[in-house]
Amino acid sequence: MSSPTGPASGLPVRMPRPRQPGRHRRPEPVAAPEGAPALVLAVPGEPTTATRSLAEELLSIARSELPGLDARIGYLDGDDRSEYPTLDAVLAHAAAERTARYELALAAGREVAKPEGPVAVVVPLLAGPEAATMRRIRQALVDSHAAAELTDVLGPHPLLAEALHVRLSEAGLSRADRARLFTVATAADGIVLATVGGEEAVQAAGITGMLLAARLAVPVMAAALDEEGSIASIAEQLRGSGSANLALAPYLIGPEVAADLLETAAKEAGCAFAEPLGAYPAIGKLVLSQYTTALGITPQPQGAPVH
């Protein structure tokens, strides 16, 4: 029985673990530099509650990796009079805030340097290159009159292959990993990797597709979801090469296409389909990686040893 001041005599007392010295100590997490530009996630597609929840979850992952990060959401099809602000409005607001902070510091008599560099780093919420969407993002940067830097899209990347694998396994279309000996009765022996953005996007998706094929040990071919007949044509090619049980794997975060487009394409190709990548943790880390790369910041992974 414990006393008001602690455990009864004879019971072990939990003491704080001392900080491990030497080369294997756990590092203090790297925080965002003071005054660092905002990370603005450029979200395509129709703004919805689900879209906002997805974007907020991804930014929450990014903030957990880089404490102090100023992260915001800008919608390409937003409405500044609603809860879905447009990308150009978010950038303009970030620029106005930085100017106001500088002027307040001067008014208070503090000696501060005039802010330079980008006010924000814009990260497109796209797995692959989608030319029309990227043009709209660039135009939003121009319309905002804010000094903002635009990063590349999130893929190709091995983490996207990992995320695709997880979504397929969640749908019962692949084993969770090759090390497990049990089989999945509905496992696909051929994967159609669905993307949007035409031939350029298909080629980029094909790179991640090769990484996915290596993980699953089955053929993977990319096809354009926004080109009529492309998904069905690739499905026929896979069947012609010996694949009998196909699966459609969306190489998409989610907001890029209408929800029913995947189901329609899968029916035309005669195969099952997995869910889009969504808020898989690796997507949030890729968003942050694009931001930190643009600024030359290297966050220390949580729990990694210092050498």
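User: What makes the crossing of α4 and α8 left-handed?

Analyst: The model here is a predicted one, and its crossing of α4 and α8 is left-handed. That name is used because the near helix is turned anticlockwise from the far one by less than a right angle.

User: And why do α4 and α8 count as roughly antiparallel to each other?

Analyst: Happy to go through it. The axes of α4 and helix α8 (residues 281-295) cross at roughly 160°. Angles over 145 degrees count as roughly antiparallel, so α4 and α8 are roughly antiparallel to each other. Their axes also come within 9 Å.

User: How do you know which residues of α4 and α8 meet?

Analyst: The test is heavy atoms within 4.5 Å. On the α4 side there are Leu159, Leu160 and Glu162, and they meet Ala282, Ile283 and Leu286 in α8. By class, this contact of α4 with α8 has 5 nonpolar, no polar and 1 charged residues. Glu counts as charged, so Glu162 in α4 is the charged one here.

User: Let's turn to α2 and α3. How are they set to each other, oblique or roughly parallel?

Analyst: Oblique. The axes of helix α2 (residues 87-107) and helix α3 (residues 131-144) cross at roughly 40°. Angles under 35 degrees would count as roughly parallel, and 65 to 115 as roughly perpendicular, so roughly 40° leaves α2 and α3 oblique to each other. The two axes come within 8 Å, and the crossing of α2 and α3 is right-handed.

User: What does the contact of α2 with α3 have by class?

Analyst: It has 6 nonpolar, 1 polar and 2 charged residues. From α2 come Leu87, Asp88, Leu91 and Ala92, and they meet Ile137, Ala140, Leu141, Asp143 and Ser144 in α3. Asp counts as charged, so Asp88 in α2 and Asp143 in α3 are the 2 charged residues.

User: Why are α6 and α7 called oblique to each other?

Analyst: The reasoning runs along similar lines. The axes of helix α6 (residues 230-240) and α7 come within 8 Å and cross at roughly 40°, so α6 and α7 are oblique to each other. Their crossing is right-handed. In contact, Ile231, Ala232, Ala235 and Arg239 in α6 meet Ala265, Glu268 and Ala269 in α7. By class, that contact has 5 nonpolar, no polar and 2 charged residues.

User: What makes the phi of His145 worth a look?

Analyst: Most residues other than glycine have a negative phi, and most peptide bonds are trans. Phi of His145, however, is near 60°, a positive value in a residue other than glycine. His145 sits in the loop between α3 and β4.

User: How do you know whether the peptide bond from Gly155 to Pro156 is cis or trans?

Analyst: Omega tells you: for the bond from Gly155 to Pro156, omega is near 0°, and the bond is cis. Pro156 is placed in the loop between β4 (148-150) and α4 (158-170).

User: Now for empty space. What makes a set of points a cavity, and how many does the search find?

Analyst: A cavity is a set of points where a 1.4 Å probe fits but cannot get out. Searching the whole structure gives 1 cavity of 30 Å³ or more. The largest cavity has a volume of about 40 Å³, and its lining consists of Leu126, Ala127, Gly128, Glu130, Thr195, Val196, Tyr251, Leu252 and Glu256. By class, that lining has 5 nonpolar, 2 polar and 2 charged residues.

User: Why is the other kind of space called a pocket, and what lines the largest pocket?

Analyst: A pocket is called that because it is an open set of points. About 500 Å³ of space lies in the largest pocket. Its lining has 25 residues, with Glu34, Gly35, Ala36, Arg98 and Arg101 nearest the centre. By class, they divide into 15 nonpolar, 2 polar and 8 charged. Helix α2 gives the most to this lining, with 6 residues.

User: And which residues lie nearest the centre of the second largest pocket?

Analyst: Those are Gly254, Pro255, Val257, Ala258 and Ala259, out of 15 lining residues. The elements giving two or more residues to this lining are α1 (49-65) and α7 (259-269), and α1 gives the most, with 3 residues. The second largest pocket has a volume of about 350 Å³, and its lining has 9 nonpolar, 4 polar and 2 charged residues.

Definitions and conventions:
Residues are numbered from 1 along each chain as its sequence is written. This is a predicted model: local features need pLDDT of at least 70, side-chain atom pairs count only at pLDDT 80 or more; totals for chains, interfaces and linings use all residues. Side-chain values use heavy atoms; hydrogens and water are left out. On a 1 Å grid over the protein atoms alone, a cavity is a set of points where a 1.4 Å probe fits but cannot get out, and a pocket is an open set with protein on both sides within 12 Å along at least five of seven lines; lining residues have an atom within 4 Å of a point. Grid points are joined across faces, edges and corners, and a volume is the space filled by probe spheres set on the points. Axes are lines fitted to C-alpha atoms, for helices over the stretch in contact, and angles run from 0 to 180 degrees between N-to-C directions. Helices (H or I, at least four residues) and strands (E, at least two) are DSSP runs, numbered from the N terminus.
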